[in-house]
Amino acid sequence: MTLAMHQQIIPFTLPGVDGRTYTEADFAQAKVLAVIFWCNHCPYVRAWEDRVIALQREYAGRGVRFVLINSNDPQKYPEDAFPRMQERARLKAYPFPYLFDESQEVARRYGATRTPEVFLFDADRTLRYHGAPDDNFEDPRAVRQHYLRDAVEAVLANRNPPLAQTPPRGCTIKWR
Amino acid sequence: MRIDFLYWEGCPSHEEALHRLRAVLAEEGIAAEVRVIHVGTEELARALAFPGSPTIRVEGRDVQPHTAAADGRLTCRLYFLDDGRPSPLPSAEMLRRAVRAARAAPERGGATA
């Protein structure tokens, strides 16, 4: 079952592509934290990738942190193996930690099903937005609803996001 | 004109891709037989050299051959648009080029409505 709105963040302890191990407590100073299920191979991820990077760069100075988690089975999808994650993060100069959920336990506990799939938490780490980054994976110029950006702005201003939930659009998480 | 539309239901882009394909065919006035094939198993994916969902072959030729690595597995297909952006869907322009090229090749038996 997917984490419900206003529920608390689910703890995680996962290795990052930078060699560090991250927990949710490492982001304690962030006013807003987005946990985003991600991977290398999915074309939806690739279509949204530059936008998510740009959004993190834009909001980094306002206490907003994104953390990406790849839970795909690398046996079936070798592009999603840890060394390939490291390559992708280097190539795109990811401005966020990119973590590997090898056991897939974190994805299961969040109830994540797709990549990309955003879980956005406020300063108290309650869930305030869940879904897609925006309403047009294909064309950034044709986006009409900036779901993630609007949710970040709302949470920073202590308001409710205009849309708390949207259907995640993307590839299925590749379970073992 | 014969078109194979191959898809895997684990990837959500296929309905939009099929709709886009049919719209292009209508705009171009092309009467085509579109064979919709559900690739539901790894075995079938291998047998069809399926590079990911959706895959569209016009008279047997992929609409974007250079991204059609014959992985033969159940995955989503990564296309690259004319401006280099990645996309889970072929663009209408890509489809238009493919059907026009097939129509211009008389030996393949292209038909115009």
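So, let's start here: is S13(B) buried or exposed? S13(B) is buried, because 26 other C-beta atoms sit within 10 Å, and the cut-off for calling a residue buried is 20 or more. Before I go on, keep in mind that what's on the screen is a predicted model.

Okay, where is that serine? S13(B) sits in the loop that runs between strand 1 and helix 1 of chain B. And what does S13(B) touch, if you leave aside its neighbours within four places in sequence? The contacts are P54(B), C76(B), P88(B) and L89(B). Take C76(B): that's 63 residues away from S13(B) along the chain, yet the two C-alpha atoms are separated by 8.5 Å.

Now the sheet in chain B. You've got four strands in an open sheet, in the order 2-1-3-4, with mixed pairing. Strand 2 (33–38) and strand 4 (61–62) of chain B are at the edges with a single partner strand each, so each of them has one side without a neighbour in the sheet. Further in, strand 1, residues 2–7 of chain B, pairs with strand 3, residues 55–58 of chain B; that pairing is antiparallel and runs over four bridges. If you want a spot to click on, I3(B) is opposite V58(B) in strand 3 of chain B.

Then there's helix 1 of chain B, residues 14–28, which packs on that sheet and touches strand 1, strand 2 and strand 3 of chain B. The direction of helix 1 makes about 165° with the direction of strand 1 of chain B.

While we're on helices, look at helix 3 of chain B, residues 92–103. Quick sanity check: 12 residues at 1.5 Å a residue should span 16 Å, and the end C-alpha atoms are 16 Å apart, so that agrees. Which residues in helix 3 of chain B are buried? They're L95(B), A98(B), V99(B) and A102(B). Looking down the axis of helix 3 of chain B, those buried residues fall within an arc of 90°, so they line one face of the helix. As for what that face meets, the buried residues of helix 3 pack against helix 1 and strand 3 of chain B.

Over to chain A, and a hairpin. Strand 7 (residues 117–121) and strand 8 (residues 127–131) of chain A pair in the antiparallel sense, again over four bridges. F121(A) has L127(A), in strand 8 of chain A, as its bridge partner. There are five residues between the two strands, and in the turn R125(A) has a positive phi of about 65°. Strand 8 of chain A is mostly covered, with five of its five residues buried.

For contrast, go to L163(A), in the loop between helix 4 (147–156) and strand 9 (171–172) of chain A. L163(A) counts as partly exposed, because it has 16 C-beta neighbours inside 10 Å. Its C-alpha atom and that of A151(A) are separated by 7.4 Å, with the two residues 12 apart along the chain.

Last bit: the interface. How many residues of chain A are in contact with chain B? The count is 11 residues of chain A, against 11 residues of chain B. On the chain A side, helix 1 (43–59) and strand 9 each supply at least two residues, and helix 1 of chain A gives the most, with four. By class, that side of chain A has six nonpolar, two polar and three charged residues.

Terms used
Residues are numbered from 1 along each chain as its sequence is written. Chains are lettered from A and ligands numbered from 1 in the order in which they are written. This is a predicted model: local features need pLDDT of at least 70, side-chain atom pairs count only at pLDDT 80 or more; totals for chains, interfaces and linings use all residues. A residue is buried if 20 or more other C-beta atoms lie within 10 Å of its own, exposed if 12 or fewer, and partly exposed in between; C-beta atoms are placed from the backbone. Two strands pair if DSSP finds at least two bridges between them. Two residues are in contact if their C-beta atoms, placed from the backbone, lie within 7 Å. Axes are lines fitted to C-alpha atoms, for helices over the stretch in contact, and angles run from 0 to 180 degrees between N-to-C directions. Ala, Val, Leu, Ile, Met, Phe, Trp, Tyr, Cys and Pro count as nonpolar, Asp, Glu, Lys and Arg as charged, and the others, Gly among them, as polar. The expected span of a helix is 1.5 Å times one less than its number of residues. The arc is that of the directions from the helix axis to the C-beta atoms.
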